[in-house]
Amino acid sequence: MDVKTYNKIVDQHADGLFRFAYSMCKDRDDAQDVVQDAFTKLWERKDGVNVEKVKSYLFTTAHHKVIDMFRKAKRFQDIDNTTIHLSTTQQTHDLKEVLDEALKTLPEIQKSVVLLRDYEGYNYEEIADITGLNLSQVKVYIFRARQ
């Protein structure tokens, strides 16, 4: 991969990668760090990464970086201790606000597979590749997160 190809990849994937990272960590600075780290890692491994699979590589790298950040901050949540407090009678909440609140209550792995599937449009096989889970685990996590 040469500099021109790398710059083209940055232009194509930076916004989507930032949206994914930001939706997971909800902090602009952390999301920018994740994106920067993903592109840095891509440049360091430019000769070993297949250009056709670069998007998957970037999202996998970002996913792992966000998980590492949460591990360091010890912000994992147990799904059994998590409850969603949504009122269906209140009309003041926007649907996006309700969905964002619901996403905040999910464990990190469920949040990431739902974001990859519903926000970024990846299929189950691609999500399995990105997260390192098997196909049935991806389907189960998505099902449970949507419930």
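A residue is taken as buried when its relative accessible area is under 20%, as exposed when that area is over 50%, and as partly exposed in between (1.4 Å probe, protein chains only). By this criterion, 35% of the 147 residues of the chain are buried. The structure is a predicted model, in which local features need pLDDT of at least 70 and side-chain atom pairs count only at pLDDT 80 or more, while totals for chains, interfaces and linings use all residues. Residues are numbered from 1 along each chain as its sequence is written, and side-chain values use heavy atoms, with hydrogens and water left out.

The chain contains seven helices and zero strands, assigned as DSSP runs (H or I, at least four residues, for helices; E, at least two, for strands) and numbered from the N terminus. Of the contacts (heavy atoms within 4.5 Å) with a separation of 6 or more, 59% join residues 24 or more positions apart. The accessible surface of the chain, from the Shrake-Rupley method with a 1.4 Å probe, is about 9400 Å², and carbon and sulfur atoms account for 48% of this area.

Helix 2 covers residues 28–44, and its end C-alpha atoms lie 24 Å apart, in agreement with the 24 Å expected for 17 residues at 1.5 Å a residue (1.5 Å times one less than the number of residues). Its buried residues are Ala31, Val34, Val35, Ala38, Phe39 and Leu42. Seen down the helix axis, these residues fall within an arc of 125°, so they line one face of helix 2; the arc is that of the directions from the axis to the C-beta atoms. The face turned away from this buried side carries the exposed residues Asp29, Gln36 and Glu44.
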